[in-house]
Amino acid sequence: MLNPSKFIRESIENIKNEIGDEKAIIALSGGVDSSVCSVLIKEAIGDNLVAVFVNHGLLREGEVEEVCNTFEDRLNFIYVDASDEFLDALSGVEDPEEKRKIIGKVFIDVFEREAEKIQAKFLVQGTIAPDWIESEGNIKSHHNLALPGGMVLKVVEPVRELYKDEVREIGLELNLSESLIYRQPFPGPGLAVRVIGVLSNEKLEICRKADCIVREEIIKNNIDRDLWQYFAVLTDTKVTGVRGDQRDFGYLVVLRMVASTDAMTAYVPELPWSVVRTISKRITSEISEVSHVSLSISDKPPSTIEFA
Amino acid sequence: MKIIIINNKGQYNHRIGRTLRYLEIPSEIVSNELSFEEIAKKDPIGIIFGGGPSIDEAGNSLEYINKINDINIPVLGICLGHQLLAKFFGGDVSNSPTESYAQIEIDIIKDDLLFNEIETPMKVWTSHKDEVKTLPNDFEILAKSTLCDIEAMKHKKKNIYGVQFHPEVYHTPQGEIIFKNFHDICLENLN
């Protein structure tokens, strides 16, 4: 098995050697990977670490407040609202791979700007093994690996060789809160890969509302810990419906809920039907733009966990 | 005293390393672009050929198999690695009529050290488009499933094994035992 205390010890030692007395920024998303990294780096270099949390306009309902509240007092913390910059760069872009690459590039632009302000030489990222395995295999480009040439920041990735279940063990050893450790994984490109096709504020808002309903119901029914991820995808497909005797032509939303340990393989478990039905009913009644909800039942492989 | 894992660029190759690390078996993942001499210098006690997207990306794997065939060192081929072994020894590899991506059950049909202490039927994870259609000369079938006749095979006279499924992933619950058994085979071979 993994030996968490040994990993932590060695990791802090390596980081000290690598970063020395220089300053570093960490790309903090509030997820378990970057949170664990922030603790390791802080242990190693103390106040020379500045955490940068970027709002790319593709976050979930309530996420900005949640992350700011969790980290503001623990770290040197900077919140950057770059949503306009990201959404402008993504304007008119349909292809998910192109979206991922653009987001990766804008992230680096933002981080380089922030690093320059405080003269940081290092960028810490919470990249884990499945990220680079999928990028190298050309399955999908992970936002944190689309590093542009000519980048001046040196990248430090303390948990690069680990899988998320191992990062969670490290998090437990570091006494992070359970809600942080078992926080549902959320992709770096955020809702950009859950809204299929060209993005718009309207579509992002529909996806955000649907995702919020899924999260509320899954947590209320205590099945969040049985699932690796649970979310709603807003497709680009419109379908015919009937509401109050009137024709309706609205969006198709797909529910995706999978079980996994390391994201390398995942399956769709048997879900309580009443929960699935409640989610479907709430989405179509609370979000008037949605006419139809379907449930995805494909495993990984051959599908991936995210849609795009 | 380590096992060398040939990285054939499959999604799960890094997980083979993790599984061996958890078993405290020394191992190293290496690129399939190395020369055989560079691999031999590492003094492996066994070699695992990982899976991968296609034979075109298997680098020097076929050359390694050719050289290993002359020396006495245990080999385990996984998915593409299994298919490369079949191809080298004269078997037939082609598209499977039903592409298989799922947890399936295999029947272990022959007692062998590789499946020591594993009960049949065994739940395994598969992810492949191609399969071994005809068994190479001097090989025997160790396990089969309703989807694929050759889920595992072994050379009759040498410690050369191939498995079509993925023992290294989480959704093959007893997969770890296969690596432990393979390591035992490697140790026994040293003596």
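Here is a short tour of chain A, from its two domains to one helix and the core around it. The model is predicted, so please read what follows in that light. Chain A is divided into domain 1, residues 4-181, and domain 2, residues 194-295. Helix α2, residues 32-45 of chain A, is a good place to look closely.

**Domains**
- The C-alpha centres of domain 1 and domain 2 of chain A are 28 Å apart.
- Where the two domains of chain A touch, domain 1 supplies 12 residues and domain 2 supplies 11 residues.
- On the domain 1 side of chain A, that contact comprises 6 nonpolar, 1 polar and 5 charged residues.

**Nonpolar core**
- The largest nonpolar core holds 130 residues, and A24(A), I26(A), I41(A), V52(A), A210(A) and L234(A) have the most contacts inside it.
- At least three residues of this core come from each of domain 1 and domain 2 of chain A.
- Beyond its neighbours within four places in sequence, I41(A) contacts I15(A), A24(A), I26(A), L49(A) and V124(A).

**Helix α2**
- With 14 residues, α2 of chain A spans 20 Å from first to last C-alpha, close to the 20 Å expected at 1.5 Å a residue.
- Because 12 of its 14 residues are buried, α2(A) is largely enclosed by the rest of the structure.
- I41(A) is one of these buried residues, and the list also includes D33(A) and K42(A).
- Packed against the buried residues of α2(A) are helices α1 (4-19), α7 (164-173) and α8 (178-181), along with strands β1 (24-27), β2 (49-55) and β4 (122-124), of chain A.
- G46(A), just after α2(A), adopts a positive phi of about 60°.

Definitions and conventions:
Residues numbered from 1 in each chain as written. Chains lettered and ligands numbered in written order. Predicted model: local features only at pLDDT ≥ 70, side-chain atom pairs only at ≥ 80, totals over all residues. Core = buried A, V, L, I, M, F, W, Y, C linked by C-beta atoms within 7 Å. Buried ≥ 20, exposed ≤ 12 C-beta atoms within 10 Å, placed from the backbone. Domains from an automatic or database assignment. Contact = placed C-beta atoms within 7 Å. Helix = DSSP H or I, 4+ residues; strand = E, 2+ residues; numbered from the N terminus. Expected span 1.5 Å × (residues − 1). Nonpolar A, V, L, I, M, F, W, Y, C, P; charged D, E, K, R; others polar.
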